[in-house]
Amino acid sequence: MPSAWLELDVELMVRLQDVLEEPRRPVTETDLRKLSEEGRACRLILGAELERLEGCLGKLDADPASSLGAIADAFRRVHDLRAHVRELDELLSALDDRAREVRTSWQRQVVDRPN
C-alpha cells in the first residue's frame, strides 16, 4: 500500500478516535459530517486497494514459478491492509453511533426548550 494512503488512514483514525474518546467532547454537526465523509472515502480507497492486492496474491498463488517469499510478502500486505480496513470500519460504526447520540441530544434540547 502506498505510504501516502497509509498516512491518510492513520491520520483519519486518530481524528476518529479523538471524537470517540471519553469523556465526550462537544462536536458539531459539520465536524461529524466531514469526518464521516472522509472516513467513507478512505474506506472506498482502501477497499479498492485491498481488492487489487488480493488479485495480485491470487495471481502469485496460481503461478507455479512464484517464489514463496513473493507470496508471503503479498499475503502479509493483504493481511495488514485487512486489519486497517477492519479497524476503520469499527471506528466508522462507532462514529455513526456517536452522531446519533449527538443528534438525539440536540433534538431533546429543542423539544425541552420553553416557548
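Is Cys 56 buried, partly exposed or exposed, and what is its relative accessibility? In this predicted model, Cys 56 counts as partly exposed, at 31% relative accessibility.

**Figure 1. Close-up of Cys 42 and Cys 56, with their relative accessibilities.** Cys 42 is buried, and its relative accessible area is 11%. For Cys 56 the corresponding value is 31%, and this residue is classed as partly exposed. In general terms, a disulfide covalently links the sulfur atoms of two cysteines. A search of the whole structure returns zero disulfides.

**Figure 2. Close-up of the largest nonpolar core, which contains 23 residues.** Leu 16, Leu 32 and Leu 88 are the members that touch the most other members of this core. Helices α1 (3-20), α2 (29-62) and α3 (68-112) are the elements that each give two or more residues to the core. The largest share, ten residues, is contributed by α3.

**Figure 3. Close-up of Leu 32 and the residues that it touches.** When residues up to four places away in sequence are not counted, Leu 32 touches Val 19, Val 27, Leu 95, Ala 99, Val 102, Arg 103 and Trp 106. Leu 32 is also one of the residues named above as touching the most other members of the largest nonpolar core.

**Figure 4. Close-up of Gly 39 in helix α2.** Gly 39 counts as buried because its relative accessibility is 0%, and the cut-off for a buried residue is under 20%. Its contacts, leaving aside neighbours within four places in sequence, are with Leu 12, Leu 88 and Leu 92. The C-alpha atoms of Gly 39 and Met 13 are separated by 8.4 Å, while the two residues lie 26 residues apart along the chain.

**Figure 5. Close-up of the polar contact between Glu 29 and Arg 103.** Glu 29 belongs to helix α2. The side chains of Glu 29 and Arg 103 are joined by a polar contact of 2.9 Å. With neighbours within four places in sequence left aside, Glu 29 is in contact with Arg 103 and Trp 106. Arg 103 and Trp 106 are also among the residues touched by Leu 32.

**Figure 6. Close-up of Val 78 in helix α3.** Val 78 is buried, with a relative accessible area of 1%. Leaving aside neighbours within four places in sequence, Val 78 is in contact with Leu 50, Leu 53, Glu 54 and Leu 57. For one of these, Glu 54, the C-alpha to C-alpha distance from Val 78 is 6.3 Å, and the pair is 24 residues apart in sequence.

Technical notes. Residues are numbered from 1 along each chain as its sequence is written. This is a predicted model: local features need pLDDT of at least 70, side-chain atom pairs count only at pLDDT 80 or more; totals for chains, interfaces and linings use all residues. Side-chain values use heavy atoms; hydrogens and water are left out. A nonpolar core is a set of buried Ala, Val, Leu, Ile, Met, Phe, Trp, Tyr and Cys residues joined through side-chain atoms within 4.5 Å. Buried means under 20% relative accessible area, exposed over 50%, partly exposed in between (1.4 Å probe, protein chains only). Helices (H or I, at least four residues) and strands (E, at least two) are DSSP runs, numbered from the N terminus. Contact means heavy atoms within 4.5 Å. A disulfide is a pair of cysteine sulfur atoms within 2.5 Å. A polar contact is a pair of N or O atoms within 3.5 Å; within protein, one must be able to donate a hydrogen and the other to accept it, and residues adjacent in sequence count only if both atoms are side-chain atoms.
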